[in-house]
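Please consider how the sheets, salt bridges and surface of a protein model may be read. The dialogue is set between a learner and a teacher.

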Amino acid sequence: YWGYQSIGFFAPEPRYMVQNEIWEFQTMVRRMHSAGIEVLLDVVYNHSGEGNELGPTLAFRGLDNRSYYRLLDGGRYYVNDTGTGNTLNVKHPAVLRMVMDSLRYWVEVMHVDGFRFDLATTLARETQGFDRDGGFLDALRQDPVLAQVKLIAEPWDIGPGGYQLGSWPHPFLEWNDRYRDGVRRFWRGDGGMLPDLAGRLLGSAQEFDHSGRAATSSVNFLTAHDGFTLEDVVSYTEKRNEANGEDNRDGHSENYASNHGVEGPTEDAEVRAARDLTKRNMLATLFLSQGTPMILAGDEIANSQGGNNNAYAQDNAIGWTDWSDPDAALTEFVARLAEIRREHPVLRQRLFLHSRPRTRDGLPDLYWRKPDGTAPEDHDWHDPDWRALCVEIRTSSATPDYRASDDLLFAVFNAGDTVEVRLPDAPEGLIWEAILDTTTPDAGPSCLTTETILAPARSVLAFARIPA
């Protein structure tokens, strides 16, 4: 149902068409563009839909099996680095040419703006293993058409050395599953997660700040088509994949999820309120993080898959996005988060933040604080009971003065009980304005005249400076 069993890399899915003409796809892209929306195509060049040696002959197997696939035992078996039974042999010049021709076709004829590569490590694996300077990646970077579009890697497969988060060259962005897991664990209430949260808020510099890569390289996400929806992350502790016909063995077993006391749907108002707050906290964390945020379609309306975390086979109500009863309040909250991110350039910087002084004013571009306003020491970072992290974010110290901004954001991430927070000093003529409180999502901005505020239990707060 997800469309990951490709057999024709130049053909749009006909079920989306009315007249079986490519102009229908082109019209869709053109209308997206007219609305200011770019189109990125999720592409699967790591395998075909022909399965293993026992699968049907549908495409490349019948043309040139030895060239198109990576084989074992003299060609009797297929290498299965993808988990689908076969692996395309992108090292072969004819296969590489086909993939490059396909990519150029979707850009030049269908006018898409970029690609997300499924199981991308497979495409970059040479004889000796993953190679960031291998043939496929080199071909992409030197191509005058493809070097100009957006490229996103799913940086893993199940082959040897398959997990390659942070290893991809510019201009690739990468899906960051460590962001997903760390943020889920922090808001689930796991102890000792503040250091990890701090790293994720800064674009996962530990993985991505090398080789001149941008802070936008990390594609931060809470959920994707693989795994729970956001509604299910807060409603189920265990996956519910029985309908897939694999005895609930498929899909990730460790989802870092919490049902908040009741498994599945409930009418308990207290449980539902706790779930709604956790969703808002996770979404606020996503939009306040450096990097490139990604949300799963349907999360903004609280769509559920009934606890199924691998709905690849469900072309039915389990896998569909249900628009019949959307959570309008959640949709409004997500729109507000997007507005905050759009209005504050310090939240979407291309340069990493490392608490270094800026030449323009000598102030650090980032300042971690404890709720009492003091800087945390080493023992604080190793305290499993420390649950409230505060941060000041300015323009990166590496930003040229002519591009530097006076924008400043102060944020609080509190996974513990209610705590008093001391606000940073505001320069003369400026005051702090509260622009976000996840415990009161309907409240508008409010000016503050006190030096301290109360951060409610399990909340995200954000503050900006405005003229007094």
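The turns below take up sheets, then salt bridges, then the helix at the start of the numbering of helices.

Q: What kind of model is this, and how are its residues numbered?
A: The model is predicted; local features need pLDDT of at least 70, side-chain atom pairs count only at pLDDT 80 or more, and totals for chains, interfaces and linings use all residues. Residues are numbered from 1 along each chain as its sequence is written, and side-chain values use heavy atoms, with hydrogens and water left out.

Q: What is the strand order of the sheet with parallel pairing?
A: Strands of a sheet pair through backbone hydrogen bonds, either parallel or antiparallel. Here strands are DSSP runs of E of at least two residues, and helices are runs of H or I of at least four, both numbered from the N terminus; two strands pair if DSSP finds at least two bridges between them. The open sheet of 6 strands with parallel pairing has the order S1-S4-S7-S8-S9-S10. Its edge strands are S1 and S10 (292-294), each pairing on one side only. Direction ignored, neighbouring strands of this sheet are turned by 25° against each other on average. Within the sheet, S8 (173-176) and S9 (218-221) are joined in the parallel sense by 3 bridges, and Trp175 has Val219 in S9 as its bridge partner.

Q: Which residues of strand S1 lie on its covered face, and which on its uncovered one?
A: In a regular strand the side chains alternate between the two faces of the sheet. In S1 (40-43), Leu41 and Val43 form the covered face, whereas Leu40 and Asp42 form the uncovered one. S1 runs parallel to S4 (114-117), with 4 bridges between them, and Asp42 stands opposite Arg116 in S4. Asp42 and Arg116 also belong to a network of salt bridges with Asp118 and Glu154.

Q: What is the strand order of the sheet with antiparallel pairing, and which helix lies across S12?
A: This open sheet of 6 strands has the order S11-S12-S13-S18-S15-S16. At its edges are S11 (366-369) and S16 (446-447), each of which pairs on one side only. S15 (430-437) and S16 run antiparallel and share 2 bridges; Ala434 is paired with Ser446 in S16. Helix H6 (194-201) lies across S11, S12 (388-393) and S13 (409-414), at about 25° to S12; such angles run from 0 to 180 degrees between N-to-C directions, with axes fitted to C-alpha atoms, for helices over the stretch in contact (heavy atoms within 4.5 Å).

Q: How many salt bridges does the structure hold, and where does the pair of Arg104 and Asp143 lie?
A: A salt bridge is a side-chain nitrogen of Lys or Arg within 4 Å of a carboxyl oxygen of Asp or Glu. The structure holds 33 of them. Arg104 and Asp143 meet at 2.4 Å, N to O; Arg104 is in helix H3 (93-108) and Asp143 in the loop between H4 (135-142) and S7 (150-153), 39 residues apart. Buried means under 20% relative accessible area, exposed over 50%, and partly exposed in between (1.4 Å probe, protein chains only). Arg104 is therefore partly exposed at 22%, whereas Asp143 is buried at 4%.

Q: Why does Gln26 count as buried and Met32 as partly exposed?
A: Gln26 counts as buried because its relative accessibility is 18%, and Met32 is partly exposed because its value is 32%. Gln26 lies in helix H1, as does Met32, where H1 spans residues 22-34. Beyond its neighbours within four places in sequence, Gln26 is in contact with Val109 and Met110.
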